[in-house]
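The following note sets out points for a colleague who is reviewing this structure. Please read each point alongside the coordinates.

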Amino acid sequence: MKKKTPILLTTVVALGMLSACSTGQGGQNQTGNSSSSAGKVTTIEFWAAPNPTQQAYWQELAKAYEATNDKVKINVSAIKESPTSEASIQSAIAAKSAPTISENINRGFAAQLSNSQALVPLDTLEGFDNVIQSRNMTQTIEPWKFADGHQYVLPIYSNPMLFGWRLDVLKELGYNEPPKTYSEVLEVTKKLKAKYGDKKFLWAKPDLADPTAWKRWFDFYMLYDAASNGNKFIEGDQFTGDEKAGTEVLTFVDNLRKENGLLSRQVTDPFENGTGIFTDVGPWTFTTWAEKYPELKFNETYALSMPPVPDDVDPAQSKTFADTKGLVIYASATKEQQQAALDFIKWVYSDANNDAKWFEQTNLPPARDDLSTNESFKAILGEKPQLKPYADNVPNAVPPMDNSKYNDLQTIIGEQAFNKVVKGEIAPAEGWAAMKSALEKALK
Amino acid sequence: MDQRNNKLGWLFTSPYLIYAVIFFFGPLIWSFFLSITDWDLIAPTFNFVGFANFMDALQDSSVHAAFWNTYKFMMIFVPLVTVLAIGVAVLVHGLNRFKSLFLIGFFLPYLSSGVVSALIVKGLLSYTSPVNVSLRSVGLDINWLGSPFSALCVVGAILAWKFTGYYALIITSGLESIDKEVYEAAAIDGVKDSQRFWRITLPLLYPSLYTTLILAFGVTFGIFTEVYQLTGGGPGHATNTWQMEIFKQAFQNMQVGYASAVALLASVATFISIFVIRKILEMWGKRNGWV
């Protein structure tokens with residue numbers, strides 16, 4: 001007995017370790033990724049964005065769809081962020097445990113995935129055209145077409161990023177509305193610094209000095225899209241940046257720095273606390289503000305505007321960056337699952353009320369052409385007037401690039417030009433030239 | 001050792017051997033395979049690229065930064081954490097009551113989440129935090145995470161805060177194992193109180209110190225969470241680390257083959273560095289007659 005005990009113990013420990021290696025998904029994969037032959041029920045895995053609101057939205061719709069179609073079972077779960085949702089998806093695909101369908105996919109990441117043949121071209125699935133027509137999104141989806149002519153992502157929302165201005169501070173400085181051109185913004189900066197010195201800055205945001213790729217969407221791209229009338233910057237594998245517009249953007253940022261209008265240091269909620277009076281604002285912010293900063297009231301303490309433009313550009317023509325994400329269907333799913341996933345999406349978007357519910361719950365403008373005109377959305381826009389500027393500017397928003405190297409490329413924008421100009425380490429024209437050269441090298 | 005005991009020995013070590021095969025040797029071989037391909041783990045096909053990934057990594061400025069930053073962190077973190085851990089251990093060892101309670105208290109940061117501690121520090125170092133407002137009022141305007149040296153120091157200090165209690169625990173056990181009679185004999189021989197620590201405690205503490213120093217040097221090769229949360233490897237590449245670089249390449253740029261090459265280079269750098277450090281520490285001990 002004494003001899004058997006350590007052997008038994010060792011075996012148990014070894015087996016325990018091996019069982020701990022299991023993901024616990026083996027069984028689920030067998031039944032989840034294929035249709036059950038007995039009941040002919042197709043099970044699809046839907047990964048929702050990692051936030052409770054969107055997860056609840058999709059869970060509710062999945063249940064409603066299951067009630068109308070007993071041949072489909074939809075398991076909705078949130079994408080794990082370990083450490084990012086993109087990394088989780090990548091790991092899941094590599095581990096052969098990818099979902100059938102997921103949301104929260106930006107165009108650049110979709111380009112990476114489609115480049116690796118991990119996505120289904122949605123336009124090859126039966127009924128995709130019906131989704132586009134019934135959702136009234138023919139124009140909105142057009143710029144989403146990839147270089148190979150296919151559509152890999154169905155945009156759920158298209159959110160034109162706007163700049164928020166602290167209207168209360170602007171009024172103190174003698175302005176009743178946000179400035180629209182570069183020289184007007186510089187004038188505001190001078191007055192702000194004269195009144196508040198180092199207590200307030202025009203643009204206070206640590207991300208300004210951070211080269212992390214996605215951060216450029218919310219500073220450089222917003223200004224660049226406005227200055228260049230929505231020029232694509234990178235198209236396919238070509239650098240197509242507008243040098244005049246780009247240099248003007250960098251010069252504007254440099255001028256703000258010279259006026260001590262930028263604060264790129266770590267600072268907590270600078271716009272909300274009034275350390276900065278100008279910042280990018282997405283509609284997701286309003287829920288947080290309502291809970292954490294109820295004193296921030298639209299058109300009282302803050303205003304929203306399209307990005308400022310160079311003096312020779314008409315502010316009415318200003319464009320901005322589209323923070324937009326959508327749905328993709330994975331190539332690793334079976335044909336039945338892929339079709340079942342598309343049928344579910346078709347069902348969801350056949351009713352504008354589902355988009356209205358989305359808009360109401362998430363504040364993110366659905367990617368549709370008729371957002372400002374469709375009756376289904378009028379009540380929401382009336383109730384939440386701060387969302388109206390977003391709805392109005394959906395057509396003026398430019399989606400991100402579809403290059404699979406977008407992470408590298410956008411890091412270059414920061415490292416070679418934008419961050420350096422913010423820190424005063426390079427002249428705008430030199431920054432643009434260095435960035436252009438590095439981008440062209442990376443694109444080869 | 002007879003045949004039967006030999007088999008039993010293998011049996012007892014089998015859990016670790018299985019663990020090592022699954023989690024170390026298997027991934028090592030897999031990683032080497034990936035490093036000679038351009039695969040992203042997703043695409044159905046891939047190409048063998050030979051040692052191109054290694055050549056690219058050796059010329060990559062962010063990899064160079066990760067290499068050198070490891071030693072910069074070492075210069076800040078290791079002395080700081082060692083001094084603090086010895087200090088805590090000596091203080092706790094001198095207590096007559098609540099010794100365990102204090103040790104647990106110092107050990108708690110080790111159990112805390114790196115994400116949470118980084119976020120707290122982020123708040124503390126905010127431009128508008130009371131700390132910085134007070135410093136500015138006396139003319140000290142420090143851009144803590146914006147300048148290379150201070151960013152390195154901040155990350156080094158967080159790590160030191162986190163690991164001090166753990167290392168103090170090891171050193172305390174070393175102190176506890178020193179026989180009181182040694183001190184009594186030294187006192188009889190005329191060793192002054194001021195000489196006690198350097199002449200008796202430190203030499204007898206050498207085995208514990210050796211362990212903590214090796215562990216501390218090892219930590220600097222695995223820094224990730226604090227850097228990821230606080231600086232993202234910046235400003236520029238000033239706080240970029242091996243782990244940050246591997247993460248960026250594998251999970252942001254989806255260049256898994258290249259990331260594997262960087263990981264293998266990191267392993268080689270770690271192995272050589274720890275080997276050299278071990279030899280230096282052993283020489284230090286031998287030279288002073290401590291081993």
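1. On terminology, angles from 65 to 115 degrees count here as roughly perpendicular, those under 35 as roughly parallel, those over 145 as roughly antiparallel, and the rest as oblique. The model under discussion is predicted.

2. The first helix pair to examine is in chain B. Helix H2 (residues 52-59) of chain B and helix H12 (residues 256-287) of chain B have axes that come within 9 Å and cross at roughly 65°. H2(B) and H12(B) are therefore roughly perpendicular to each other. The crossing in which H2(B) passes H12(B) is right-handed. On the H2(B) side, Asn53(B), Phe54(B), Asp56(B) and Ala57(B) take part, and they meet Gly257(B), Tyr258(B), Ala261(B), Val262(B) and Leu265(B) in H12(B). By class, this contact of H2(B) with H12(B) holds six nonpolar residues, two polar and one charged.

3. As to the overall make-up of chain B, its secondary structure comprises twelve helices and zero strands. Read from the N terminus, the elements of chain B accordingly run α-α-α-α-α-α-α-α-α-α-α-α. The C-alpha trace of chain B spans about 75 × 75 × 35 Å along its principal axes.

4. Helix H7 (residues 148-176) of chain B merits a check of its length. With 29 residues at 1.5 Å a residue, H7(B) should span 42 Å, and its end C-alpha atoms are 41 Å apart, which agrees. H7(B) nevertheless bends by about 40° at Phe163(B).

5. H7(B) also packs against helix H4 (residues 99-111) of chain B: the two axes come within 6 Å and cross at roughly 135°. An angle of that value falls outside the ranges for parallel, antiparallel and perpendicular pairs, and H4(B) and H7(B) are therefore oblique to each other. The crossing of H4(B) past H7(B) is left-handed. H4(B) contributes Leu103(B), Phe106(B), Phe107(B), Leu108(B), Pro109(B) and Tyr110(B) to the contact, while the residues from H7(B) include Trp161(B), Lys162(B), Phe163(B), Thr164(B) and Gly165(B). Further along H7(B), Tyr166(B), Ala168(B), Leu169(B) and Thr172(B) take part as well. The contact of H4(B) with H7(B) is made up of eleven nonpolar, three polar and one charged residues. Phe163(B), where H7(B) bends, is among the contact residues.

6. Which helices of chain A form an oblique pair? Helix H11 (residues 243-258) of chain A and helix H19 (residues 428-443) of chain A pack at about 130°, their axes 8 Å apart. H11(A) and H19(A) are therefore oblique to each other, and their crossing is right-handed. Glu243(A), Gly246(A), Thr247(A), Leu250(A), Thr251(A) and Asp254(A) of H11(A) meet Pro428(A), Ala429(A), Gly431(A) and Trp432(A) of H19(A). Divided by class, the contact of H11(A) with H19(A) has four nonpolar, four polar and two charged residues.

7. The interface between the chains should be inspected next. In it, 29 residues of chain B are in contact with 32 residues of chain A. On the side of chain B that touches chain A, the elements giving two or more residues are helix H1 (3-35), helix H5 (114-124) and helix H11 (242-252) of chain B. H1(B) gives the most, with seven residues. This side of chain B is composed of 17 nonpolar, ten polar and two charged residues.

8. Two backbone details remain, one in each chain. Where does the cis peptide bond of Pro235(B) lie? The bond from Gly234(B) to Pro235(B) is cis, with omega near 0°, and Pro235(B) is found in the loop between helix H10 (225-230) and H11 of chain B. In chain A, Asn363(A) has phi near 70°, a positive value in a residue other than glycine. Asn363(A) is placed in the loop between helix H15 (352-362) and helix H16 (375-383) of chain A.

Notes
Residues are numbered from 1 along each chain as its sequence is written. Chains are lettered from A and ligands numbered from 1 in the order in which they are written. This is a predicted model: local features need pLDDT of at least 70, side-chain atom pairs count only at pLDDT 80 or more; totals for chains, interfaces and linings use all residues. Axes are lines fitted to C-alpha atoms, for helices over the stretch in contact, and angles run from 0 to 180 degrees between N-to-C directions. Helices (H or I, at least four residues) and strands (E, at least two) are DSSP runs, numbered from the N terminus. A crossing is left-handed if the near helix is turned anticlockwise from the far one by less than a right angle, and right-handed if clockwise. Two residues are in contact if their C-beta atoms, placed from the backbone, lie within 7 Å. Ala, Val, Leu, Ile, Met, Phe, Trp, Tyr, Cys and Pro count as nonpolar, Asp, Glu, Lys and Arg as charged, and the others, Gly among them, as polar. The expected span of a helix is 1.5 Å times one less than its number of residues. The bend at a residue is the angle between axes fitted to the seven residues ending there and the seven starting there.
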